[in-house]
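Welcome, and please have a look at the model shown here. The report after it walks through the overall fold and then a few residues worth finding on screen.

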Amino acid sequence: MLELVVFDVDGLMIDSESVWKEAFDKAGDKYGISNLGDALFSKLVGKRLEDEKEAIDEHIPSEIQEELLDEWREIGLRSLEREVPVKPGLYEILDFLEENHIKMAVATTTRRELTEQRLKKIGVFDRFDYVLCGDEVTKRKPNPEIYETVLKKMGVTNKNALVLEDSVVGVEAAYRAGIDCIQVPDLIAPTEVQEKQTICIVRDLTEARDYIKENRV
């Protein structure tokens with residue numbers, strides 16, 4: 001019996017990753033590096049810290065690295081302060097879960113301050129029973145800590161929960177926690193690994209809702 005659905009945020013509920021990709025293009029242009037978003041961003045999405053450092057070193061000269069990354073963050077944050085783009089089907093799946101009395105939680109690697117700000121801006125923060133953020137756990141995805149913590153807090157077993165994720169590391173974290181996962185890929189296409197680690201891969205949150213309706217409710 002499905003009691004709980006756990007949502008990631010960036011790339012799943014909000015279209016933040018396209019914003020950060022565009023910010024790389026703009027920051028790169030300022031420092032004479034064209035198409036930095038296409039070249040670099042896909043190598044950073046949902047990656048481990050050591051992989052991020054390797055990719056950055058490959059594409060950004062060390063002498064301008066710190067300045068460019070500061071510029072990138074500033075551009076991205078300004079964009080998300082102006083507007084937080086919502087992924088298709090978000091409000092509909094939340095409505096469906098509420099109507100069926102299924103609890104909802106958030107598990108994101110983004111820190112609390114930014115998570116609350118963005119979810120409140122799109123009017124969904126108060127719809128979740130529990131929100132757990134990256135600065136409130138000790139290990140990042142793909143470590144399963146964040147999902148195991150949500151289950152413990154909500155008093156739900158892994159067999160009665162479901163995770164919605166867009167990223168490779170998020171899918172792996174859910175898999176390692178023993179929780180069924182539906183992947184809704186964002187900028188990075190899934191591989192055979194994600195096919196094995198998920199119960200299905202869908203195009204958007206509308207398809208995720210339909211799968212839950214047909215198979216879990």
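What follows goes from the whole chain to two helices and then to single residues.

## About the model

This is a predicted model, in which local features need pLDDT of at least 70 and side-chain atom pairs count only at pLDDT 80 or more, while totals for chains, interfaces and linings use all residues. Residues are numbered from 1 along each chain as its sequence is written, and side-chain values use heavy atoms, with hydrogens and water left out.

## The chain as a whole

The chain holds 10 helices and 6 strands. Here helices (H or I, at least four residues) and strands (E, at least two) are DSSP runs, numbered from the N terminus. The C-alpha atoms fill a box of roughly 55 × 35 × 30 Å along the principal axes. For 217 residues, a compact globule would have a radius of gyration near 17 Å, and the chain agrees with its 17 Å. That radius is taken over C-alpha atoms, and the globule rule is 2.2 Å times the number of residues to the power 0.38.

Of the 217 residues, 51% are buried. Buried means under 20% relative accessible area, exposed over 50%, and partly exposed in between, with a 1.4 Å probe and protein chains only. Take the contacts between residues at least 6 apart in sequence: 64% of them join residues at least 24 apart. A contact means heavy atoms within 4.5 Å.

On the outside, the chain exposes about 10700 Å², and carbon and sulfur atoms supply 46% of this area. Such areas come from the Shrake-Rupley method with a 1.4 Å probe; for residues, only the protein chains shown count as cover. The chain carries 30 positive and 46 negative charges, and their mean positions are 3 Å apart. Lys and Arg count as positive and Asp and Glu as negative, while His and the chain ends are not counted. Each charge is placed at NZ of Lys, CZ of Arg, CG of Asp or CD of Glu.

## Helices α1 and α4

Start with α1, residues 16-30: its 15 residues should span 21 Å at 1.5 Å a residue, and its end C-alpha atoms are indeed 21 Å apart. The expected span is 1.5 Å times one less than the number of residues in the helix. Buried residues of α1 include W20, A23, F24 and A27. The buried residues of this helix pack against α2 (36-44), α4 and α6 (112-121).

Helix α4 covers residues 62-82 and has 21 residues; from first to last C-alpha it reaches 31 Å, close to the 30 Å expected. Among its buried residues are L68, E71, W72, I75 and S79. An α-helix has 3.6 residues a turn, so residues three or four places apart point the same way. E71 is worth a closer look: this residue of α4 is buried, with a relative accessible area of 17%. Beyond its neighbours within four places in sequence, E71 is in contact with A27, K30 and Y31.

## Loops and backbone turns

After α1 comes G32, with a positive phi near 80 degrees. N35, in the loop between α1 and α2, also has a positive phi, near 55 degrees, in a residue other than glycine. Further along, the peptide bond from K141 to P142 is cis, with omega near 20 degrees. P142 sits in the loop between β3 (130-132) and α7 (145-154).

The loop between α5 and β2 (103-107) contains H101, whose phi is positive, near 55 degrees. H101 counts as exposed at 73% relative accessibility. I102 lies in the loop between α5 and β2 as well, but counts as buried at 7%. Leaving aside neighbours within four places, I102 is in contact with L2, E3, L4, V5, L97 and V217.

## Around L90 and P88

L90 belongs to helix α5 (residues 90-99) and is buried, with a relative accessible area of 1%. Not counting residues up to four places away in sequence, L90 touches M13, I122, V124 and L205.

P88, in the loop between α4 and α5, is exposed, with a relative accessible area of 55%. Under the same exclusion of residues up to four places away, P88 touches D204, L205 and T206. P88 and T206 are 118 residues apart in sequence, yet their C-alpha atoms are 7.2 Å apart in space.
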